[in-house]
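Biologist: Could you walk me through one part of this fold up close, the place where two helices pack, and then show me what the sheets look like around the rest of the chain? I'm new to this, so plain words please.

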Amino acid sequence: MEPSRILCLRFPNWPIQAHRLRFSRDSDAHACPAAIALHTPLPDSTGVQHVSADADVLRDLALLRQLFPAARSGPAIVAVSGPAWKQGVRPGLPLAEARSLAAPLQPPQAAKGKPAAPQKQTSRSAAAQSGKQPVNAPAEQVQFVPWNAAADREELRLLSDPVRRFAPIVGLDSLPLPDSLLLNITGCGPLFGGEEQLAQELLQMLRASQLAGRVGIADSIAAAWAVAHTDSPGSPPIVVVATGTSVKQLNPLPTAAARLAVSDLEILQHLGIVRIGQLLALPVEDLPARLSAECVVRVRQLRGDVYEPID
């Protein structure tokens, strides 16, 4: 029987990408603002934050509150675009603090009775003629938008249709705050000239829709997810793990790529276990004494001892 081959298609900073998809669909006349910050729901007049009762959305919000403690007591930033990041806005900040950081600085007023210093026009004129923005041009004002977890999930489901021509089985990542699609590409590689060519064609299709993606291909969901969710400067957008070498390739990756609960990651960090190789070296029978039952299952999946189907 041919070994299974799984492709994990990850959309980095998915909340921002999903918001831009919806904006472009709903507003043909206007371009989506470049500086965007998404935040958790605002409280109403009674101080209560209303969140959809959907079970998946509640799981998303619960994980978000674990990752960002500021979200437990009020609205907090969930995700930011690159231009908003450059203005100091960061995920996890309270909304009020983020707004103050993004507020544009006012130019100093000329002293009373003294004329303002003359502006140098030569560099500005040259920049205008060349079509380039002057270096000291004001940054775009950050747009603060409520985060819609249910809509983000729906956008992922909608993307499963166009990617279905690359694999007969496509599923949504089952973790909270999903940012990935999972494809069973067993036997599909030769149809595209190889697995890497398949991934390149898939990413090219996404770029035509202004979407950015990363691809990990391996023998299991656990391995494919891990390599697709490990970022480093200059890392390629496509990582193909050869059949039968998953465990070796996973050893140097951080434990954050093992799909573990926040509480398990905190325990492992306290024990000095920061790489998947260190985690896999632990005796499985001793894991339940310190870690959750879900963590034990994840370790078995990483080792290839337990089969995990695409939902």
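Modeller: Sure! To follow the angles, you need to know that an axis here is a line fitted to C-alpha atoms, and that angles run from 0 to 180 degrees between N-to-C directions. Keep in mind, too, that this is a predicted model.

Start with helix H2, residues 55-67, and helix H6, residues 149-159: their axes come within 9 Å and cross at roughly 115°. Angles of 65 to 115 degrees count as roughly perpendicular, and H2 and H6 are therefore roughly perpendicular to each other. The crossing of H2 past H6 is right-handed. On the H2 side, the contact is made by Asp-56, Val-57, Arg-59 and Asp-60, while H6 brings Ala-149, Ala-150, Arg-153 and Arg-157. Sort those residues by class and you get five charged, three nonpolar and no polar ones.

Now for the sheets. One is an open sheet of three strands, ordered E3-E2-E4, with mixed pairing. Strand E3 (77-80) and strand E4 (143-146) are at its edges with a single partner strand each, so one side of each has no neighbour in the sheet. From one strand to the next, the twist averages 30°. Strand E2, residues 36-39, pairs with E4 in the parallel sense over four bridges, and His-39 stands opposite Pro-146 in E4. Packed on this sheet is helix H4, residues 95-102, which touches E2, E3 and E4; the direction of H4 makes about 160° with that of E4.

There's also an open sheet of five strands, again with mixed pairing, in the order E5-E6-E1-E7-E8. Its edge strands are E5 (169-172) and E8 (238-240), and each pairs on one side only. Here the twist averages 15° from one strand to the next. Look inside the sheet and you'll find strand E1, residues 6-10, running antiparallel to strand E7, residues 214-218, with five bridges joining them. If you'd like one pair to look for on screen, Leu-7 has Ile-217 of E7 as its bridge partner. This sheet has a helix packed on it as well: H7, residues 195-207, touches E1, E7 and E8, and its direction makes about 155° with that of E8.

Key:
Residues numbered from 1 in each chain as written. Predicted model: local features only at pLDDT ≥ 70, side-chain atom pairs only at ≥ 80, totals over all residues. Heavy atoms only, no water. Helix = DSSP H or I, 4+ residues; strand = E, 2+ residues; numbered from the N terminus. Parallel < 35°, antiparallel > 145°, perpendicular 65-115°, else oblique. Left-handed = near helix turned anticlockwise from the far one by under 90°. Contact = heavy atoms within 4.5 Å. Nonpolar A, V, L, I, M, F, W, Y, C, P; charged D, E, K, R; others polar. Pairing = 2+ DSSP bridges.
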